[in-house]
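Reader: I would like a close look at one part of this chain, the stretch that carries a domain annotation. Please take me through it step by step, and keep the sentences short.

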Amino acid sequence: MLLPILFIILMLLVWEVYVRAAGVDQTVLPSPSRIVAALWYARSDLLNNTLYTLLETAIGLTISIIVGSFLAILIDISKLVDRTLYPVLVVSQTIPMVALAPLLVLWFGFGLAPKVIVVVLVTFFPIVVAMVDGLRSTDRELIKLLKTMGANRLQTLTKVQLPASLPYLFSGIKVGVTYGVIGAIFGEYVGAYQGLGILIQTAKNSFRTDLVFAAICVTALLSIGLFWLTNLVERKLIPWHAKATS
């Protein structure tokens, strides 16, 4: 962990020295010190917009986890659902979000709804696919053992398959967390009243490149924080998996 931190510090020092020595225009490439200053002076706006983006991401990701888990179970249980919906899920990922997001704003306005929908669309697929893989990778011998003991389909699902699929589900959530933040910001960038996306767009139009970089830094920290939180929840819910992989 120390080496990546030292490398980042070194890169920031090189960046600072280059900008100052070359006399680069701050509207083209601000120095790290200028970005830190923008972070401090715009801290109130950054905090308010970050909380709104976090709200969009949290709502969308929660919907994806609940609906995605339910659909993954249906796909595992029913071959008809698998053959019908799984290809549709794959095809849905070929739709360019850059074309769909403006339509969502047109249909649902500039409020919370279109951003939540964008987050759901970009996080739903990795969560469903990961959990389906988890359900299908359950040890067949354990399933046979439960059946010989008289367990029904529901008991097999709850006692063996769901616990075994949790590491896969959390892997999908970790991917979805980063996609979700990016999706929320992209939805805001297309059209919103508040959020990091609209802040970045406003700062760009005002030639506040330092504030754009500041918002990008906050976005990265938000994604890292959500990823860390997901990892923490995973360790609390499935400690046996954490011990096995440590």
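Author: Start with the stretch itself. In this predicted model, residues 50–230 are 87% helix and 0% strand. The C-alpha atoms at the two ends of that span lie 18 Å apart. The label comes from UniProt, where an unreviewed entry places "domain: ABC transmembrane type-1" at residues 50–230.

The whole chain sets the scene. It has 11 helices and zero strands. From the N terminus on, the order reads α-α-α-α-α-α-α-α-α-α-α. The C-alpha trace spans about 75 × 50 × 30 Å along its principal axes. Of the 246 residues, 40% are buried. Take the contacts with a separation of 6 or more: 71% of them join residues 24 or more positions apart.

The same unreviewed UniProt entry type also supplies a "transmembrane region" annotation, which covers residues 51–74, 86–110, 116–135 and 211–230. Two of these spans can be set side by side. Residues 86–110 are 76% helix and 0% strand, with end C-alpha atoms 31 Å apart. Residues 116–135 are 100% helix and 0% strand, and their end C-alpha atoms lie 27 Å apart.

Now the packing. Helix α3 covers residues 43–77 and helix α8 covers residues 153–190. The two pack at an angle of about 145°, and their axes are 8 Å apart. The crossing of α3 past α8 is right-handed. By class, this contact has 13 nonpolar, six polar and four charged residues.

Stay with α8 and look at two of its residues. Glutamine 161 sits in this helix. Its relative accessible area is 3%, so glutamine 161 counts as buried. Beyond neighbours within four places in sequence, glutamine 161 is in contact with Asp76, Leu135, Thr138, Arg140, Ile143, Arg153 and Thr156. Isoleucine 5 is another matter: 156 residues away along the chain, its C-alpha atom is separated from that of glutamine 161 by 40 Å.

Serine 165 is also in α8. Its relative accessible area is 0%, so serine 165 is buried. Leaving out residues up to four places away in sequence, serine 165 touches Met131, Gly134 and Leu135. Leu135 is thus on the contact list of glutamine 161 and on that of serine 165.

Next, follow the chain past α8. The loop between α8 and α9 holds tyrosine 193. There are two aromatic pairs in the count. One of them joins phenylalanine 110 and tyrosine 193. Their ring centres are 5.8 Å apart and the planes stand at 50°; that angle is neither under 30 nor over 60 degrees, so the pair is tilted. Phenylalanine 110 lies in the loop between α5 (97–108) and α6 (112–136), so the pair ties together parts 83 residues apart in sequence. How exposed are the partners? Phenylalanine 110 has 40% relative accessibility and counts as partly exposed. Tyrosine 193, at 67% relative accessibility, counts as exposed.

Helix α9 comes after that loop and runs over residues 196–205. Which of its residues are buried? Leu196, Gly197, Ile198, Leu199, Ile200 and Ala203 are. Their cover includes α3, α8 and α10 (209–237). So α3 and α8, which pack on each other, also help to cover α9.

Just after α9 comes phenylalanine 207. Its place is the loop between α9 and α10. Phenylalanine 207 is not a glycine, yet its phi is positive, about 60°. With 62% relative accessibility, phenylalanine 207 counts as exposed.

The last stop is helix α10, which contains alanine 214. Alanine 214 is buried, with a relative accessible area of 0%. Setting aside neighbours within four places in sequence, alanine 214 is in contact with Ile35, Ala38, Leu39 and Leu46. Alanine 38 is 176 residues away in sequence, but the two C-alpha atoms are 6.4 Å apart in space.

Note on methods:
Residues numbered from 1 in each chain as written. Predicted model: local features only at pLDDT ≥ 70, side-chain atom pairs only at ≥ 80, totals over all residues. Heavy atoms only, no water. Axes fitted to C-alpha atoms, helices over the stretch in contact; angles between N-to-C directions. Helix = DSSP H or I, 4+ residues; strand = E, 2+ residues; numbered from the N terminus. Left-handed = near helix turned anticlockwise from the far one by under 90°. Nonpolar A, V, L, I, M, F, W, Y, C, P; charged D, E, K, R; others polar. UniProt positions renumbered as here; feature names shortened; annotations may be inferred. Buried < 20%, exposed > 50% of the residue type's maximum accessible area, 1.4 Å probe, protein only. Contact = heavy atoms within 4.5 Å. Phe/Tyr/Trp six-rings, centres within 6.5 Å; stacked < 30°, edge-to-face > 60°.
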